[in-house]
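Visitor: Hi, I've got a structure open and would like to talk through one part of it. Could you walk me through it?

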Amino acid sequence: MMKSAIISALLASTAANAAPLADPAMEAKALAIHERVMAVDTHVDIPVTFMTVAMDPGGLTTDQVDLPKMRAGGLDAPFFIDYTAQGPLTDEGYAAAKANSDLKLAAIHRLVGAYPDQIALAASSKEARAIAKSGRKVAFIGMENPFPLGPAPVQADIDALAAAGVSYCSITHFGHNQFGDSANPSEELGDAEEKWGGLSPEGEKLVAMLNRAGVMVDVSHAGKKTMMQAVALSKAPIIASHSSVTALADTPRNLDDEQLRALAANGGVAQIVAVDVYLKPYTDEQIAVRDKVRKDMGLDTEEARETMTPDVKAEYEKRLAPMWAISPRASVSDLVDGVDHAVKIAGVDHVGISSDFDGGGGIEGWDDASETLNVTRELVKRGYSETDITKIWGGNLLRVLDAVQKKSAELKRAG
């Protein structure tokens, strides 16, 4: 069945999806464009139960992304994320992180192995386009937090990541690590405001090794000094795989205009993320509700939230409902406000989109993969051309991947 037919069938039967555009001609245009573009989402988290009896994304699940939802919404190419929460920089901490990372990578490979007629792993733009042309979905892999690499990885370790299909690797997550300073120091780990003043010596080596391996350097979650130093050091374009802009929400986690311009000058891309708090800041009253729910449910640590069961997650989201009575959730319109601002500052060649589904993402109108068309609708409504929408929905990201892999070949030839 063609993508547009799948989308139309779902929209006819699922009340959760937003209504079509009021102008029939504009709605037809949005459907046609969404049919033709490859919609690349650069950040989809996976639970520790991914590809087990408890959570098989080959069928409908309680998670935001699975194969039926991807088909329904026309989400073509997600980056499934090998994510590890930051822990202590000790032998025990590194060992636990490595075990978690290996578990996530194996699960992603089990997905493509179990459903080869529906989805396949890509490590290049050429592979991605060939898979999409065959009518299947594309799976990419991103690594969020290189903490599992240990205190002093060598080039062979990074080459092994590339061989496993990892197409991008971040520098930090929440909390400083052995490679650099995070935008959000961890109180749980006793972090000071800074640990390294940006990249650590190992972080500088990591950027160079990722360049050589052909793996994109990701600066989402990195502190501003860390990010700017990575831009200056990298021999290839870099990405921010799931970040918003300080123009919408002034937090250290978002990118300011100086950072957006630096990404553009580097040839990179900022993937604007559909996380409500980074598009529309919570009020003090909302934060109080959220913090009380977390405390009452024993979810006041990142690790506890990371390991929620589906039932606990559903109860958690139910209890958070009073937040939206105080102030409405961020919406697809807010997301595209972020795209608009990034395009204004960095240019349309340097902006993309990410969801952070199953890792905190989800907004009104794009709350799971089945609603992906609504983002294209909003872009069409704002007057973006098909050429620009193609760039925003993945063309820019794939261009960066091509550039990174070309630079890798040059570096290897040069010895």
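**A chat about strand 4**

Visitor: L121 catches my eye, so which residue stands opposite L121 in strand 4?
Guide: That's A139. Keep in mind that we're looking at a predicted model. L121 belongs to strand 3, residues 119–121, and strand 3 runs parallel to strand 4 with 3 bridges joining them.

Visitor: Nice. What links up with strand 3 and strand 4 to make a β-α-β unit?
Guide: Helix 5, residues 125–133, and the unit is right-handed.

Visitor: And which helix goes with strand 4 and strand 5?
Guide: Helix 6, which covers residues 155–163. With the two strands, helix 6 makes a right-handed β-α-β unit. Strand 4 and strand 5 (residues 166–170) also run parallel, joined by 3 bridges. In that pairing, G142 stands opposite Y168.

Visitor: What about strand 2, how many bridges does it share with strand 4?
Guide: There are 5, and the pairing is parallel. Strand 2 is residues 77–83, and its Y83 stands opposite E144 in strand 4.

Visitor: Switching topic: is strand 4 largely enclosed or open, and why?
Guide: Largely enclosed by the rest of the structure, because 8 of its 8 residues, 137–144, are buried.

Visitor: Which way do the residues of strand 4 point?
Guide: K137, A139, I141 and M143 point one way, while V138, F140, G142 and E144 point the other. In a regular strand, side chains alternate between the two faces of the sheet.

Visitor: So are K137 and E144 buried or exposed?
Guide: Both are buried, K137 pointing one way from strand 4 and E144 the other.

Note on methods:
Residues numbered from 1 in each chain as written. Predicted model: local features only at pLDDT ≥ 70, side-chain atom pairs only at ≥ 80, totals over all residues. Heavy atoms only, no water. Buried < 20%, exposed > 50% of the residue type's maximum accessible area, 1.4 Å probe, protein only. Helix = DSSP H or I, 4+ residues; strand = E, 2+ residues; numbered from the N terminus. Pairing = 2+ DSSP bridges. Right-handed = clockwise from strand over helix to strand, strands pointing away.
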